[in-house]
Number of protein chains: 2
Amino acid sequence: MSTRRRGEELERAILQAAAEELRESGYAGMTMDRVAARAGTNKNAIYRRWPHRAALGIAAYRHLSDTVMPNPDTGTLRGDALEMLRQANETWSSPHGAVLRALLAAAADDPALLALMRERSGADTMDRAWLTMLERAVARGEAPPTAAHPRVATTPMMLLRAEYAMRGIPSVPDEVLIEIVDEVLLPLVRGRA
Amino acid sequence: MSTRRRGEELERAILQAAAEELRESGYAGMTMDRVAARAGTNKNAIYRRWPHRAALGIAAYRHLSDTVMPNPDTGTLRGDALEMLRQANETWSSPHGAVLRALLAAAADDPALLALMRERSGADTMDRAWLTMLERAVARGEAPPTAAHPRVATTPMMLLRAEYAMRGIPSVPDEVLIEIVDEVLLPLVRGRA
DNA sequence: CCTATAGGGTACGCGACGTACCTTAAAGGC
DNA sequence: GCCTTTAAGGTACGTCGCGTACCCTATAGG
């Protein structure tokens, strides 16, 4: 019997357990004791690997979602942008999103953790997707060349995130998404001519 | 001696104490026991008035800052907007801002608290200030009439807030503010013609 | 085979929230 | 001017969860 797990194997078991706790109880409910119990080990093994709960939470998050990056190509900038926002809205309002938002809040005062989050949550990849989307629009002649600017690319998602922060709640109505596109993104692109 | 304080008076003493704790130790350091001790009372009196720490924190926050709303009038939209952003940046990066951000994080999962926050932090007033700023620009003929749109008015501040969330930390370089104005707000206003 | 390393078990210190219960002062009607 | 109701003071406690300390035991790898 026995076969005491070590190294890699144990580590995966812990992350797995943590991820399940995250899914079931959210970040607030993911206690170290419960993770240890669920992984069939003890807190020692955890603290030898991660310095505190937040670090474990973030590490475990990747086990939840392998964040598929959308890459819509509807033929118009408006269509693409709306699609991106809708996908993001869906993701963020899912249980996943709740976990992610809780983690973000927990990491808010630790730059190191924040950086980790950005990596794991695919924020950078997301930004690049928006940029290439804009470049396609430029190529189609739908937008002036100067429209493919990083600041422009990140604006819609930032507005969406700010919207979450405003409302308590994790689902933004579709009208808001449309408004972000029609009242901000498109005029903005147009105005950069 | 005695003169046991009651009602109003005691309430103010508690809020005062809580505000001082907030200023000195931040929200994380504002414990119920310490507030009670500092106010020269006990937790009973506190819990009879606020259901939990977060509520007290939010209530106390107003004692910290009577949030003076800036209302720059530099003669140009660009100047006004930059001034607004700079003021906001300064506020948010002050110790005040740290408290405010901590409170926001703590209230993130409770819509009722969030609503309270919005009130107390003057967010709505801020939005109105931006809108009237835009209206002045319209009146000067500096912007098309459709530029004075709520979504436009809230965009710069939302971008600033998102910037805080991104970076860990509480001071955004001036270049970013300039970029928000030059690369987003002004083109956006122009593009709405 | 034997030793260094890492996992298992367990207990504990500590801080902080929120609650329970009783005592005591103050307000306000009669 | 008493007396009841209400609210404050005092204090102790239950609970939870993080992080740490210790000591025992299996296993890897020389």
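Q: A residue is near a strand if one of its heavy atoms lies within 4 Å of it. Which helices each supply at least two residues of the surface near DNA strand D?

A: Helices are DSSP runs (H or I, at least four residues), numbered from the N terminus. Chain A gives H2 (32-38) and H3 (43-47), and chain B gives H1 (7-29) and H3 (43-47), each with at least two residues. The largest share, three residues, comes from H3(A). This is a predicted model, with local features needing pLDDT of at least 70, side-chain atom pairs counting only at pLDDT 80 or more, and totals for chains, interfaces and linings using all residues. Residues are numbered from 1 along each chain as written, chains are lettered from A and ligands numbered from 1 in written order, and side-chain values use heavy atoms, without hydrogens and water.

Q: Which atoms of DNA strand D does the protein approach?

A: Of the strand D atoms within 4 Å of the protein, 59% belong to sugar or phosphate and the rest to bases. A side-chain N or O atom of A:Tyr47 is 3.0 Å from a phosphate oxygen. A:Arg53 places a backbone N or O atom 3.1 Å from a phosphate oxygen. B:Asn42 has a polar side-chain atom 2.4 Å from a base nitrogen.

Q: What does the salt bridge between A:Arg49 and A:Glu11 tie together?

A: A salt bridge puts a side-chain nitrogen of Lys or Arg within 4 Å of a carboxyl oxygen of Asp or Glu. Here the closest N and O atoms are 3.2 Å apart. A:Arg49 lies in the loop between H3 and H4 (53-64) of chain A and A:Glu11 in H1 (7-29) of chain A, so the pair ties together parts 38 residues apart in sequence.

Note on methods:
Polar contact = N/O pair within 3.5 Å; in protein donor to acceptor, adjacent residues only side chain to side chain.
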